[in-house]
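Please walk through this structure with me, one region at a time. The sequence and the model are shown first, and the explanation follows.

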Amino acid sequence: MKTPTNCQLHTVKISLAVVIGALILTLNARVSRADETCSSPYLARIDGQEEFVYVWTLGVEGMGDGADKLVTVDVKPGSPGYGKVISSSSVDGRNEAHHGGFADDRRQLWLAGLESSRVFIFDVHSDPAKPKLTKTIDNFAETTGGAVGPHGAYALPGRVLIPCLSNAKDKGGKTALVEYSNDGNYITTHWLPTKEDAHGASGAEFADGYGYDARVLPRKNALLTSSFTGWNNYTMDFGKLTADPEAMKHFGSTMVMWDFHARQPKKVFQVPGAPLEIRWAWGDKHNYAFTATALTSKLWLVYQDDRGEWQAKEVAPIGEAKGGVLPVDISISADDKTLFVDSFGDGKCRVFDVSDPQKPKQIYEKQIGKQVNMVSQSWDGKRLYFTSSLLARWDKQGADNEQFLRGYAWDGKELKQAFDLDFTALKLGRPHHMLFGSTKIGANRTTVASK
Amino acid sequence: MHFAHRRFLRPIFALGLASSVMNLFAAELPRDSDYDYDPPAPGSYSLPVVKSAPDGALLDSEGKSLNLRDLTHGRVTVLSFIYTRCAAPKACPYATGVLNQIHHLSVDDTTLAKSMRLISISFDPEYDTPQRLAAYSENVREQGSGCEWRFVTSKSRAELEPILAACDQAVDKRQNPADPQGPLYHILRVFLIDREGRIRNIYSSGTLDPRLVVADVKTLLLEESRVSKQ
């Protein structure tokens with residue numbers, strides 16, 4: 001046994017100071033609950049309530065300037081501009097605006113174009129009310145070794161993880177995870193496991209190489225990915241796609257658990273029907289994540305069993321057992337008790353009690369619109385925001401093609417609308433991904449992860 | 001309470017002062033609820049180059065001028081940005097605690113002792129004078145053994161700014177200078193730099209697991225030995 005040195009004794013003094021600081025932080029944390037529940041744990045968090053909702057919006061030909069744009073909406077309580085657009089910044093052309101994400105220090109917002117494979121980097125630090133485009137990555141396929149269809153951006157320490165949907169070679173579903181540094185320089189590409197090259201992962205017989213979402217549970221060193229479909233399908237007219245049996249074969253049916261630090265796939269799960277968004281639980285001992293399968297309308301749970309082995313299982317239907325409601329985005333509450341599930345097909349948000357993650361129970365549903373896609377929830381669970389657009393060629397037609405951002409209040413029992421923005425009437429386009437902004441940014445989420 | 005630095009704090013709460021001193025620096029860094037996994041084996045994975053580490057003028061804790069480049073070449077380097085007035089538990093005190101753990105491991109590991117370097121750079125040069133850094137280093141560094149551990153500051157914030165910008169190290173003044181967490185707000189940044197001065201990993205809250213940092217250092221050392229055999 002070693003004897004304590006001066007250094008060690010001094011470090012104990014420092015530790016005591018840290019304890020006092022920790023207690024102070026705990027008290028502060030009790031009054032600072034905001035931000036999105038679906039954001040990266042590595043992301044600096046908002047102190048207090050969100051002030052802005054950033055909406056990555058698809059341009060529509062003949063509507064306004066016709067370009068994709070980042071729309072900023074004021075959601076400060078009591079603000080004269082509450083529920084109104086306060087700025088809009090267009091990018092070059094239409095790119096199939098889809099998802100985005102902040103760099104870990106929340107100074108940049110990265111927004112991806114699924115069709116053009118361009119990535120637009122906005123400064124949201126200098127003036128959070130008026131983001132400014134500072135850089136465009138327009139050589140994505142060449143730089144990454146053939147990955148295309150950047151799906152979003154996920155904050156990692158000092159870098160951004162971009163899960164992709166397709167590849168330049170055949171524009172099918174085989175794809176990769178790509179990393180860039182926060183200053184926009186390419187770092188590396190990790191191709192998803194296939195039957196032919198599973199990179200040592202178990203379950204190789206299921207591996208399809210498809211990708212969609214990618215999210216980390218830091219304390220388990222776990223990176224989980226899901227799978228959708230390739231460029232050929234997501235750029236096809238929806239009616240034509242569903243009438244094409246061959247095209248319908250090309251959807252993802254896997255999720256993959258990775259060793260996050262090593263970026264090595266460890267296990268491939270068979271999850272039929274295109275598992276999309278991944279939401280890890282936040283609780284200290286909650287070693288599980290939910291996803292929803294778009295084509296089979298099911299909730300799935302990926303969890304660690306009693307032996308510490310990761311498993312995946314179907315835990316509940318979404319809508320009628322026959323399916324067909326096309327679940328898209330999901331949002332878990334910060335206390336891990338409630339899961340909001342949007343379904344594009346019927347325009348509803350269904351709310352599940354997931355206190356027992358193995359047995360979710362639907363407790364409420366609300367018609368949000370004739371179509372609905374994304375949902376973003378505040379950290380305190382009191383505010384939810386919904387948008388309507390799925391993909392430019394998959395949105396509904398005619399009168400069913402509502403395009404909106406709608407804010408709601410949730411009291412634990414029902415959703416009550418707080419504001420409604422008609423993006424068609426405003427000549428903005430098709431609103432897709434939402435992210436929260438603020439002038440008040442605090443520490444990393446991992447500091448106050450769950451309580 | 002959920003603080004990922006519990007590894008650093010738990011002994012204080014649970015075992016009392018004397019036994020905590022023993023546990024804090026156990027040669028084997030244990031798996032715990034904050035880092036509840038077995039780290040990958042050194043050399044079983046790769047660490048792609050992120051970018052080149054920057055250069056810039058600095059002052060060491062004796063007030064002597066030096067260049068950052070001199071500290072990011074020749075050894076595998078773990079570089080941490082700190083300021084000594086920081087009391088945010090998941091920030092500088094935690095980072096310095098992790099470097100202390102790694103430094104302690106290097107006392108009994110001759111490879112780490114001769115091949116690794118630790119650097120703590122202050123981004124609060126107005127307060128963190130060379131004299132204050134010298135006192136700070138006396139508090140946290142084991143003298144006379146283990147790997148090199150340098151504490152450096154700069155003549156001015158303006159002189160430091162290009163280094164901070166190149167390292168994407170954001171630092172802002174808090175609205176309340178008497179904030180109990182310290183007068184500056186910053187995101188935690190710790191860098192792994194290879195002998196050629198290239199950044200190979202970046203750690204922050206949630207990833208600054210000393211076991212991972214040591215695995216990464218050893219991965220770079222194994223990479224060097226493989227290259228030299230080719």
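Two residues are taken to be in contact if their C-beta atoms, placed from the backbone, lie within 7 Å. The model is a predicted one, and with that in mind we can begin in chain B, at helix α8, which spans residues 210-229.

This helix has 20 residues and reaches 29 Å from its first C-alpha to its last, which is close to the 28 Å expected at 1.5 Å a residue. Its buried residues include B:P210, B:R211, B:L212, B:V213 and B:V214, and further along the helix B:T219, B:L220 and B:L221 are buried as well. The buried residues of α8(B) pack against the strands β4, β5, β9 and β10 of chain B, and also against the helices α4 (92-107) and α5 (110-115) of that chain.

Three of those strands can be followed further, with β9 (residues 190-193) of chain B as the starting point. Both faces of β9(B) are covered, since B:V190 and B:L192 are buried on one side and B:F191 and B:I193 are buried on the other. Strand β4 (residues 76-82) of chain B pairs with β9(B) in the antiparallel sense over 4 bridges, and in this pairing B:S80 stands opposite B:V190. Strand β10 (residues 198-203) of chain B is likewise joined to β9(B) by 4 bridges and runs antiparallel to it, with B:N201 of β10(B) standing opposite B:L192. The strands β9(B) and β10(B) form a hairpin with 4 residues between them, and in its turn B:G197 has a positive phi of about 80°.

The residues B:S80 and B:V190 appear again among the contacts of B:A95, which also touches B:I82, B:L188 and B:L208, when residues up to four places away in sequence are not counted. Together with A:V160 and A:V302, B:A95 has the most contacts inside the largest nonpolar core, which has 191 residues. In soluble globular proteins, nonpolar side chains tend to be buried together.

Elsewhere in chain B, helix α7 (residues 157-166) has B:L160, B:I163 and B:L164 among its residues, and these three are buried. They lie on the same side of α7(B), because they cover an arc of only 100° around the axis. What covers the buried residues of this helix includes α3 (68-71) and β7 (171-173) of chain B. After α7(B) comes B:D168, whose phi is positive, near 60°.

Strand β6 (residues 148-153) of chain B contains B:T153. This threonine is buried, because 28 other C-beta atoms lie within 10 Å, where 20 or more are required. Leaving aside residues up to four places away in sequence, B:T153 touches several residues, including B:L58, B:L59, B:S122 and B:L133.

Chain A, to which we now turn, has 451 residues, of which 58% are buried, and its secondary structure comes to 5 helices and 31 strands. Of the contacts in chain A with a separation of 6 or more, 54% are between residues 24 or more positions apart. One part of this chain is an open sheet of 4 antiparallel strands in the order β18-β19-β20-β21. Strands β18 (279-280) and β21 (310-317) of chain A stand at the edges with a single partner strand each, so one side of each is left without a neighbour in the sheet. Between β19 (residues 288-293) and β20 (residues 298-304) of chain A, the antiparallel pairing extends over 6 bridges, and here A:Y288 stands opposite A:Y303 in β20(A).

Terms used. Residues numbered from 1 in each chain as written. Chains lettered and ligands numbered in written order. Predicted model: local features only at pLDDT ≥ 70, side-chain atom pairs only at ≥ 80, totals over all residues. Buried ≥ 20, exposed ≤ 12 C-beta atoms within 10 Å, placed from the backbone. Helix = DSSP H or I, 4+ residues; strand = E, 2+ residues; numbered from the N terminus. Arc of directions from axis to C-beta. Core = buried A, V, L, I, M, F, W, Y, C linked by C-beta atoms within 7 Å. Pairing = 2+ DSSP bridges. Expected span 1.5 Å × (residues − 1).
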